[in-house]
Amino acid sequence: MAEQPVVGIIMGSKSDMPAMEACTKELDELGVPYELVVASAHRAPAKVHEWASTAADRGIKVIIAAAGKAAHLGGVVAAYTPLPIVGVPMKTSDLGGMDSLLSMVQMPSGVPVACVAIGGAKNAAIYATQILGATMPEYREKIVELKRQMAEA
């Protein structure tokens with residue numbers, strides 16, 4: 001039986017999957033169990049609401065939200081859950097991802113969304129693991145080991 005997911009990953013579109021492979025790969029390497037769902041804040045708001053509002057009850061501790069263009073997904077998810085949200089702005093053909101980035105970092109007071117760089121899926125996984133590590137020593141140890149390996153490279 002698979003381990004209980006502690007990270008939830010939500011993407012606004014299936015087209016975000018290739019860019020988010022760096023995230024899932026890093027979580028796999030760090031041994032962090034996750035669940036993944038594709039649901040658009042604009043095209044499937046009821047699905048986003050259901051998934052986000054029940055995430056904590058399912059054992060999720062932190063959510064990674066990837067979206068492009070208007071990129072409201074992270075903020076919408078943040079409105080429905082008390083869990084920390086890490087936004088990953090997707091690179092876009094229109095404005096190179098600046099539209100996504102600004103949509104995520106310009107959240108209103110009271111609805112915070114942490115944000116990594118445009119296309120920063122790997123850093124989102126590492127940051128989510130660091131958040132877990134604040135209260136779960138096994139994940140803190142994974143980050144300590146990762147940093148040790150980077151220092152030796």
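**Exercise 1. A surface patch**

Which residues form a nonpolar patch on the surface, and how much accessible area do they have together?

Solution. The model is predicted.
- Step 1: The patch consists of Leu95, Met98, Leu102, Val105 and Ile118.
- Step 2: Together these residues have about 420 Å² of accessible area.
- Step 3: Take Leu95 as one of the members. Leu95 sits in the loop between strand E4 (85-89) and helix H4 (98-105).
- Step 4: The relative accessible area of Leu95 is 56%. Exposed means over 50%, so Leu95 is exposed.

**Exercise 2. The overall fold**

Describe the order of the elements and judge the radius of gyration against the globule rule.

Solution.
- Step 1: The protein has six helices and five strands.
- Step 2: Read from the N terminus, the order is β-α-β-α-β-α-β-α-β-α-α.
- Step 3: For 153 residues, a compact globule would have a radius of gyration near 15 Å. The protein has 15 Å, which agrees with that value.
- Step 4: Along the principal axes, the C-alpha atoms fill a box of roughly 40 × 35 × 30 Å.
- Step 5: Among contacts with a separation of 6 or more, 67% are between residues 24 or more positions apart.
- Step 6: Buried residues make up 45% of the 153. The accessible surface is about 7900 Å², and carbon and sulfur atoms account for 57% of that surface.

**Exercise 3. Met20 and Ser40**

Is Met20 buried or exposed, and which residues are in contact with Met20 beyond four places in sequence?

Solution.
- Step 1: Met20 belongs to helix H1 (residues 17-30).
- Step 2: Buried means under 20% relative accessible area. Met20 has 0%, so Met20 is buried.
- Step 3: Beyond four places in sequence, the contacts of Met20 are Ile9, Met11, Ile64, Ala66, Val88, Met90 and Ala121.

Now place Ser40 and find the backbone atom that lies 3.0 Å from its side chain.

Solution.
- Step 1: Ser40 is found in the loop between strand E2 (34-38) and helix H2 (45-54).
- Step 2: With a relative accessible area of 8%, Ser40 is buried as well.
- Step 3: A polar atom of the Ser40 side chain is 3.0 Å from the backbone nitrogen of His42.
- Step 4: Setting aside neighbours within four places, Ser40 contacts Gly12, Pro45 and Val48.

**Exercise 4. Salt bridges**

How many salt bridges does the count come to?

Solution.
- Step 1: The count is five. Three of them are worked through here, beginning with Lys25 and Glu29.
- Step 2: The side chains of Lys25 and Glu29 meet at 3.9 Å, N to O. Both residues are in helix H1, four residues apart, about one turn of the helix. Lys25 and Glu29 are both exposed.
- Step 3: In the pair Arg58 and Glu35, the closest N and O atoms are 2.5 Å apart. This pair links distant parts of the chain, since Arg58 lies in the loop between H2 and strand E3 (62-67) and Glu35 in strand E2, 23 residues apart.
- Step 4: Arg58 is partly exposed at 25% relative accessibility, whereas Glu35 is buried at 19%. Contacts of Glu35 beyond four places in sequence include Trp51 and Ile60.
- Step 5: Arg148 and Glu145 form a salt bridge at 2.3 Å. Both lie in helix H6 (residues 137-152), three residues apart. Glu145, Arg148 and Glu152 are joined into one network by salt bridges that share partners.

Key
Residues are numbered from 1 along each chain as its sequence is written. This is a predicted model: local features need pLDDT of at least 70, side-chain atom pairs count only at pLDDT 80 or more; totals for chains, interfaces and linings use all residues. Side-chain values use heavy atoms; hydrogens and water are left out. Patches are made of residues with over 30% relative accessible area and no salt bridge: like charges are joined within 9 Å, nonpolar side chains (Val, Leu, Ile, Met, Phe, Trp, Tyr) within 5 Å. Accessible areas come from the Shrake-Rupley method with a 1.4 Å probe; for residues, only the protein chains shown count as cover. A salt bridge is a side-chain nitrogen of Lys or Arg within 4 Å of a carboxyl oxygen of Asp or Glu. Helices (H or I, at least four residues) and strands (E, at least two) are DSSP runs, numbered from the N terminus. Buried means under 20% relative accessible area, exposed over 50%, partly exposed in between (1.4 Å probe, protein chains only). The radius of gyration is taken over C-alpha atoms; the globule rule is 2.2 Å times the number of residues to the power 0.38. Contact means heavy atoms within 4.5 Å. A polar contact is a pair of N or O atoms within 3.5 Å; within protein, one must be able to donate a hydrogen and the other to accept it, and residues adjacent in sequence count only if both atoms are side-chain atoms.
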